[in-house]
Amino acid sequence: MEVTVLQAVGIGLVALFAYMVDFCAYAQWDRPIFTCMLVGFVLGDMKQALILGANLELLYMGTMSIGAALPPDIYTGGILGVAFAIVTGTGIEGAVTLCLPIASLALAVKQFFYTFFRGYCTHRADHYASIGDADGVARMHIFSLLMWVPMAMLVGFAFYSGSAMVQTILDSIPKFIMNGISVASGMIPALGFAMLAKLTVTQKTLPFLFLGFALVSYLSIDVTGVAIFGVIAAVVAVYFTKPANAAVAAVEVEDDDNEF
C-alpha cells in the first residue's frame, strides 16, 4: 500500500490530537483504543485498526506517567505501529514489533522538547509569577502547547518516509521470530486482564469475579449479559445493603440521642 501525502498529514493530525489530551483534562482519547480508530479512518481500514488498537491497549494497560518518570510514548508508538501494520499488512505481529521501539524512540525525542522548549517556558512562567503577572504565566502555559506541533510533524514525516523502510525491515525478520511474536501477541489479552485483576480484585470483589465466571461457563451468557448482571449486583450491594459499621454507628447515635 502506497502512502500519500494526505494520509501522512492525517496521521500527523491524529498525533497532534492525541498530544493535546494533557491540556484538556486528560479525557483518555490518547489511548491506543481511540487513536487507532482515527488511524483506521485516515487509512480507510477501521476494522483492522480497531482490532490492532484493542490489542495494543491491553499491552499498554496500566501505563501512566508518575511525576517526572515517563513511560514509553504510547501515543506515538500506537499511532505509528498500527499505521505501519495496516500499510504493510502484517497485522498484530507487525504492530507489536514496531510500537515498542517507536515508543522508546519517541520518548527520547519528547524528552528533548521537554528539556529545551518547555524548560524555557517554565523559567519564563516563574519570572512572570515572581513579578505577579498572572497573564504572563497563562501565556507561557499556552505557548508551551507549540512543542507538540513539531512532534506531530515528525510523526507524519516518519509515516510518509518510513513505510518502505519498515516493510524492508519486516521482510528481513526471520519467520520464526515473527511466529514467536504472533504467539506472544496472543497472550497479550490474558496479560492485560491479569494486570487489571491485580488492581481491582479484593476479598470483597472476588465472589463477583467467580460469579461472572460461573455465568459464562455454565449458563453460556455473553459478555453483555455478564455486564448487566454486574450492574444489578453493584446496585444491590450499594443501595440495598447496609454495612455493619454503618449500622453500629447508627445505633450509637441513637443511644446518644436517648441519653439527652
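This is a chat about a predicted model of one protein chain.

Q: Before we start, what should I know about the numbering and the pLDDT cut-offs?
A: Residues are numbered from 1 along each chain as its sequence is written, and side-chain values use heavy atoms, with hydrogens and water left out. Since you're looking at a predicted model, local features need pLDDT of at least 70 and side-chain atom pairs count only at pLDDT 80 or more, while totals for chains, interfaces and linings use all residues.

Q: Cool. How many helices and strands does the chain have?
A: The count is 11 helices and zero strands. Helices (H or I, at least four residues) and strands (E, at least two) are DSSP runs, numbered from the N terminus. Read from the N terminus, the elements go α-α-α-α-α-α-α-α-α-α-α.

Q: And how much of the chain is buried?
A: Of its 260 residues, 34% count as buried. Buried means under 20% relative accessible area, exposed means over 50%, and partly exposed is in between (1.4 Å probe, protein chains only).

Q: What about the area the chain exposes?
A: About 15,700 Å², with carbon and sulfur atoms supplying 71% of it. Accessible areas come from the Shrake-Rupley method with a 1.4 Å probe; for residues, only the protein chains shown count as cover.

Q: Which residues form a nonpolar patch on the surface?
A: I228, F229, V231, I232, V235, V236, V238, Y239 and F240, with about 940 Å² of accessible area together. Patches are made of residues with over 30% relative accessible area and no salt bridge; like charges are joined within 9 Å, and nonpolar side chains (Val, Leu, Ile, Met, Phe, Trp, Tyr) within 5 Å. I228 from that patch sits in helix α10 (residues 223–239).

Q: You said salt bridge. How many are there?
A: The count is one. A salt bridge is a side-chain nitrogen of Lys or Arg within 4 Å of a carboxyl oxygen of Asp or Glu. Here, R139 meets D133 at 3.9 Å, N to O.

Q: Why would two side chains pair like that?
A: Side chains of opposite charge can pair when their charged atoms come close.

Q: Are those two buried or exposed?
A: In between: R139 counts as partly exposed because its relative accessibility is 45%, and D133 counts as partly exposed at 24%. R139 also lies over the face of Y128, at 5.5 Å from the ring centre. For that, NZ of Lys or CZ of Arg has to be within 6 Å of the ring centre and within 35 degrees of the ring normal.

Q: New topic: how many aromatic pairs are there?
A: There are four. Rings of Phe, Tyr and Trp (its six-membered ring) pair if their centres lie within 6.5 Å; planes under 30 degrees apart count as stacked, over 60 as edge-to-face and the rest as tilted. One of the pairs is F84 with F159: the ring centres are 5.6 Å apart and the planes are at 40°, so this pair is tilted.

Q: Where are F84 and F159 in the chain?
A: F84 is in helix α4 (residues 74–88) and F159 is in helix α7 (residues 148–172), 75 residues apart, and the pair links distant parts of the chain. Both F84 and F159 are buried.

Q: What about F117 and F143?
A: Their ring centres are 5.3 Å apart with planes at 35°, so that pair is tilted. F117 lies in helix α5 (residues 91–130) and F143 in helix α6 (residues 134–143), so the pair ties together parts that are 26 residues apart in sequence. F117 is partly exposed at 24% relative accessibility, and F143 is partly exposed at 32%.

Q: What does T35 touch?
A: Leaving aside neighbours within four places in sequence, T35 is in contact (heavy atoms within 4.5 Å) with V14, A18, W29, D30 and I79. T35 sits in helix α2 (residues 32–43) and counts as buried because its relative accessibility is 1%.

Q: And where is F23?
A: F23 lies in the loop between α1 (5–19) and α2. F23 and H141 are 118 residues apart in sequence and 9.5 Å apart in space, C-alpha to C-alpha.

Q: Last one: what's the phi of S220?
A: S220 has a positive phi of about 55°, although it is not a glycine. S220 is in the loop between α9 (206–219) and α10, and counts as exposed at 64% relative accessibility.
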